[in-house]
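User: I'm in my first year and still learning how to read these pictures. Could you take one small part of this structure and walk me through it closely?

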Amino acid sequence: MSALVEIRDLHVRRGERSVLEVSSLDVQRGEVLALVGPNGAGKTTLLLVLARLLEPEAGKIVFDQRPLSQWNALEYRRKTSFVFQTPLLLDMTVAENVALGLKFRRVKKDQIPARVDHWLAQFGITSLAKRRAAELSGGEAQRVSLARAFVLDPQLLLLDEPFSSLDPSARAKLFGDLTALLAADHRTVMIVTHNLKDASKLGDRVAVMVGGRLRQVGSPSQIKSRPADEEVAAFLMDLPHIED
Amino acid sequence: MSIDPEILQITVLSLQVSVTATLLSLLLGLPLGTLLALGRFPGRSFLMSLVNTGMGLPPVVVGLFVAMMLWRSGPLGDFHLIYTPAAIVIAQIVIAFPVVTGLTAAALQALDPGLRLQLLGLGASRVQMIWMLWREARLPLLAGLMAGFGSVISEIGASMMVGGNIRYQTRVLTTAIVLETSKGEFNNAIGLAVLLLIITFLVNWGLTWIQQKGAKR
């Protein structure tokens, strides 16, 4: 089966500085690819480019066998869904927040409640449906943000460090729930995390990024046993104990 | 109790003129304020400075320039608008438009900048994204509308200069108060002043009610 996303010679610059360089990366259909790397590695930039929220200076991206340039921007964005580090909920109820993307897509009104209810249940927040977004804890808000992305049934789901703003207890619970959901869902997902240990649990494969460049893609054990270069090795050494 | 027909006519005209000017300012100011807040284009800072300066424009200066434009020998003289209610509306738009524009831009800039990307990342079109941002900033946007209305219902210089304070034609509450005061008819002036305060209060009460209803939702 062909890859859902094919990236070749991608370059993003900020002023004179190169902030992202990916010579080649394929994301297979149904695969969860975890992006790891230190701060400033270009992980979020890569997701923003793939969500068409940031235009690259050069390079070619093919999505579902069509070059990105041939996709209408809105049509393409509606094939994807993006979850940011902070939940960024709107001043409305939880159910209304989750329904937002469906309304943008003009999904029939009578179909919306069932889809919203399903994903509220999947993330264990059914009881919060009528609660205002401002009344939620950080963990609850991030669950709403994830439900709001999953309900759209995107071909490509882009998750940018969804646990980073949570306290350890909320983080551990959400991590467990999301890992189980991703394993059962068979959706194409790119998820950013700082931590190789998390990446190895969440992802089928791991992509290591350092200094704005994609350095290595492989299984966690491959990366641990044969780091591609000194900078990847140095990044791995800074991490807590890595479980295969 | 009966209401003096002349006072009723002045009150209705005041409301008509100021509400029309405020709504037209909203129609122009909301898109421009949004463009200033969200757009990135050359001259944006300069335009923002102009709008901010315009928020403090003295009404007499506005009256002077609008009168020059509408004067019979002026560039828009052929429209015969000077000393008509339309002239007052134009002058009041010049006063309220920068207020609505500036406060719209400030309200939208106060939102989390990530919200725009998040809405687009959920599949919003540009129009849907802007609509949701307006919804999210509805409380400060309504405050901007109230400030715009307040700036025109209470102004006198421009209305006097371009309207001429003509009885039954262009006399509004503020110009009527000035006239009664100049004649030494303080009781009449105080009555009109109280009426102006009541009208201003009622309109702002209505807008505040809408605003706070939005806050509780």
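Analyst: Let's look at how H5(B) and H6(B) sit against each other: in this predicted model, they pack at an angle of about 135°, and their axes are 10 Å apart. An angle over 145 degrees would count as roughly antiparallel, and 65 to 115 as roughly perpendicular, so H5(B) and H6(B) are oblique to each other. Their crossing is right-handed.

Now for the side chains you can click on. From H5(B), the contact uses Leu115(B), Arg116(B), Leu119(B) and Leu120(B), while H6(B) brings Met129(B), Met132(B), Leu133(B) and Glu136(B). Sort these residues by type and you get 6 nonpolar and 2 charged, with no polar ones.

This pair of helices also turns up where the two chains meet. The contact between the chains takes 14 residues from chain B and 18 residues from chain A. On chain B's side, the elements giving two or more residues are H5, spanning 114-121, and H6, spanning 126-136. H5(B) supplies the largest share there, 6 residues. The mix on that side of chain B is 6 nonpolar, 6 polar and 2 charged.

Zoom out a bit and you'll find the largest nonpolar core, which has 128 residues. Among those with the most contacts inside this core are Ala147(A), Val98(A) and Val66(B). The element giving the most to the core is helix H4 of chain B, residues 85-109, with 16 residues. If you want one residue to explore, try Ala147(A): leaving aside neighbours within four places in sequence, Ala147(A) touches Val98(A), Trp119(A), Leu120(A), Gln122(A), Phe123(A) and Ile125(A).

Notes. Residues are numbered from 1 along each chain as its sequence is written. Chains are lettered from A and ligands numbered from 1 in the order in which they are written. This is a predicted model: local features need pLDDT of at least 70, side-chain atom pairs count only at pLDDT 80 or more; totals for chains, interfaces and linings use all residues. A nonpolar core is a set of buried Ala, Val, Leu, Ile, Met, Phe, Trp, Tyr and Cys residues joined through C-beta atoms within 7 Å. A residue is buried if 20 or more other C-beta atoms lie within 10 Å of its own, exposed if 12 or fewer, and partly exposed in between; C-beta atoms are placed from the backbone. Helices (H or I, at least four residues) and strands (E, at least two) are DSSP runs, numbered from the N terminus. Two residues are in contact if their C-beta atoms, placed from the backbone, lie within 7 Å. Ala, Val, Leu, Ile, Met, Phe, Trp, Tyr, Cys and Pro count as nonpolar, Asp, Glu, Lys and Arg as charged, and the others, Gly among them, as polar. Axes are lines fitted to C-alpha atoms, for helices over the stretch in contact, and angles run from 0 to 180 degrees between N-to-C directions. Angles under 35 degrees count as roughly parallel, over 145 as roughly antiparallel, 65 to 115 as roughly perpendicular and the rest as oblique. A crossing is left-handed if the near helix is turned anticlockwise from the far one by less than a right angle, and right-handed if clockwise.
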